[in-house]
Every structure is written in structure tokens, then in C-alpha cells.
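Here are a few exercises to work through with the model open in your viewer. Try each one yourself before reading the solution.

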Amino acid sequence: MSRAPTGDIRRSGVSVGYGDAMPELIHTCYRVYDLDSSIAFYEKLGMKELRRLPIGDEAINVFMGFTEDGPRLELTHNFDQQEPYEVGTGYGHVAMTVNDMDDALERLALMGISPERPPYTVSEGGSRLCFVRDPDGYRIELIERDPGIE
């Protein structure tokens, strides 16, 4: 079994092959069964559909993102998929920040989205968080932004 390196890769002396520029995570992709339901769910979380990319006659990719942040979520819909996908045991979650957890949950409740359990913290003085699920069962973590951090 291999172990992931520890520490900051920029300080570790490990070359990642990008010169001085560090790579960045640009998006996450999910395969979704009902494209319209998935788009509607992520719009309720504040994302917007930014573009569509047909993949021949077999699929379409829909890129979702926040205003001025670019496409961060790629929803892939395979036209021949006959039943919902299995999320699997390796997937954890994707996290998003909210400015005010109570306001966000109140707004989401009006649109039929409820947290798995009430907001909580994992450490003394930590940010409040909770999880919601999208139409395909993917977990989305909502983390309340610390107002003291820009």
C-alpha cells in the first residue's frame, strides 16, 4: 500500500513538472441519471449552468459554477443509462461554503432540500457544517464561512 506524501508539496522539494506554476484543481465530475433534476439541485445551491459540451451521440457534459468562479462541477449524462448510478464506497463529498448556515438551510428547506442532520462542529470553535444530498445521492458538505476570514 502506498502512502501519500505529507507536508506542503511546494516546500518539499518535489518537482511536479509545472515549473514555478502550481497545478490547481479545476473541477469535479459526477455521472448523473436525471440531468434536469441535477441541474435544478445545484442551482438551488447557488450554482449556474455555464456551458454544455455534447460528447457525440452518447453523452453530454454540463458545467456548473458560481458567478465569477468558473466551471467547478461537471455533470455527465450518458443517454443510454437505464437506472441511477451507484455512488460507491470510495466517494466522500464535495464541500461548499455558505455565509450564514441558518439562512442557507432556511432557503434550501423552502426548495425541498434538508440536511442529513442539524449543523454541528467537529472541534471547539470550529466552523459549523452539515451535509445535503443531490438527486443521485452525492453528499455535499455546507461549511459556514468564518466572517473573520476573507
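**Exercise 1.** Find the residue of β7 that stands opposite Val-98, then work out how β7 is paired on each side.

*Solution.* This is a predicted model, so treat every number below as computed from it.

- Step 1: Start at Val-98 and look across to β7, where the residue standing opposite is Glu-144.
- Step 2: Widen the view to the whole strands. β5 covers residues 94-98 and β7 covers residues 139-144; the two run parallel, joined by 5 bridges.
- Step 3: Now go to β6, residues 129-133, which is joined to β7 by 5 bridges as well, but with the strands running antiparallel. One pair to click on is Leu-129, which has Ile-143 opposite in β7.
- Step 4: Check the connection. β6 and β7 make a hairpin with 5 residues between them, and Gly-137 in the turn shows a positive phi of about 95°.

**Exercise 2.** Work out the strand order of the open sheet of 4 strands and say which strands are at the edges.

*Solution.*

- Step 1: Trace the sheet from one side to the other, and you should get β1-β4-β3-β2, with mixed pairing.
- Step 2: Pick out the strands that pair on one side only. Those are β1 (28-31) and β2 (48-55), the edge strands.
- Step 3: For the geometry, ignore strand direction and average over neighbours: the turn between neighbouring strands comes out at 20°.
- Step 4: Go through the antiparallel pairs. β2 and β3 are joined by 7 bridges, with Ile-55 partnered by Ala-59 in β3.
- Step 5: β3 (residues 59-66) and β4 (residues 70-78) are antiparallel too, over 8 bridges. Along this pair, Met-64 has Leu-73 as its bridge partner in β4, and Val-62 sits opposite Leu-75.
- Step 6: Ask how well β3 is covered. Of its 8 residues, 7 are buried, so "mostly covered" is a fair label if buried means under 20% relative accessible area.

**Exercise 3.** Which residues take a positive phi in the hairpins of β2 with β3 and of β3 with β4?

*Solution.*

- Step 1: In the β2 and β3 hairpin there are 3 residues between the strands, and Gly-56 has a positive phi near 55°.
- Step 2: The β3 and β4 hairpin also has 3 residues between its strands, and here Glu-68 takes a positive phi near 65°.
- Step 3: Flag Glu-68 in your Ramachandran plot, since this residue has its positive phi although it is not a glycine.
- Step 4: Add the surroundings. Glu-68 lies in the loop between β3 and β4, and it counts as exposed because its relative accessible area is 83%.

**Exercise 4.** Is His-77 buried or exposed, and what does its side chain reach?

*Solution.*

- Step 1: Place the residue: His-77 belongs to strand β4.
- Step 2: Look up the relative accessible area. At 14%, His-77 is buried, because the cut-off is under 20%.
- Step 3: Look for polar partners. The His-77 side chain reaches the backbone oxygen of Val-32 at 3.3 Å. The backbone oxygen of Tyr-33 is likewise 3.3 Å from a polar atom of that side chain.
- Step 4: List the contacts, skipping neighbours within four places in sequence. You get Val-32, Tyr-33, Leu-35, Glu-58, Ala-59 and Ile-60.

**Exercise 5.** How many disulfides does the model have, and are Cys-29 and Cys-130 buried or exposed?

*Solution.*

- Step 1: Apply the distance rule, sulfur atoms within 2.5 Å. The count is 0.
- Step 2: Check Cys-29, which is partly exposed at a relative accessible area of 40%.
- Step 3: Check Cys-130, which is buried at 0%.

**Exercise 6.** Zoom out and describe the whole chain: what are its secondary structure counts, burial and surface?

*Solution.*

- Step 1: Count elements: 3 helices and 7 strands. Along the sequence they follow the pattern α-β-α-β-β-β-β-α-β-β.
- Step 2: Work out burial. Of the 150 residues in the chain, 28% are buried.
- Step 3: Take the contacts between residues at least 6 apart in sequence; 49% of these join residues at least 24 apart.
- Step 4: Finish with the accessible surface, about 10,400 Å², where carbon and sulfur atoms account for 49%.

Definitions and conventions: Residues numbered from 1 in each chain as written. Predicted model: local features only at pLDDT ≥ 70, side-chain atom pairs only at ≥ 80, totals over all residues. Heavy atoms only, no water. Pairing = 2+ DSSP bridges. Axes fitted to C-alpha atoms, helices over the stretch in contact; angles between N-to-C directions. Buried < 20%, exposed > 50% of the residue type's maximum accessible area, 1.4 Å probe, protein only. Polar contact = N/O pair within 3.5 Å; in protein donor to acceptor, adjacent residues only side chain to side chain. Contact = heavy atoms within 4.5 Å. Areas by Shrake-Rupley, 256 points an atom, 1.4 Å probe, with all protein chains shown as cover.
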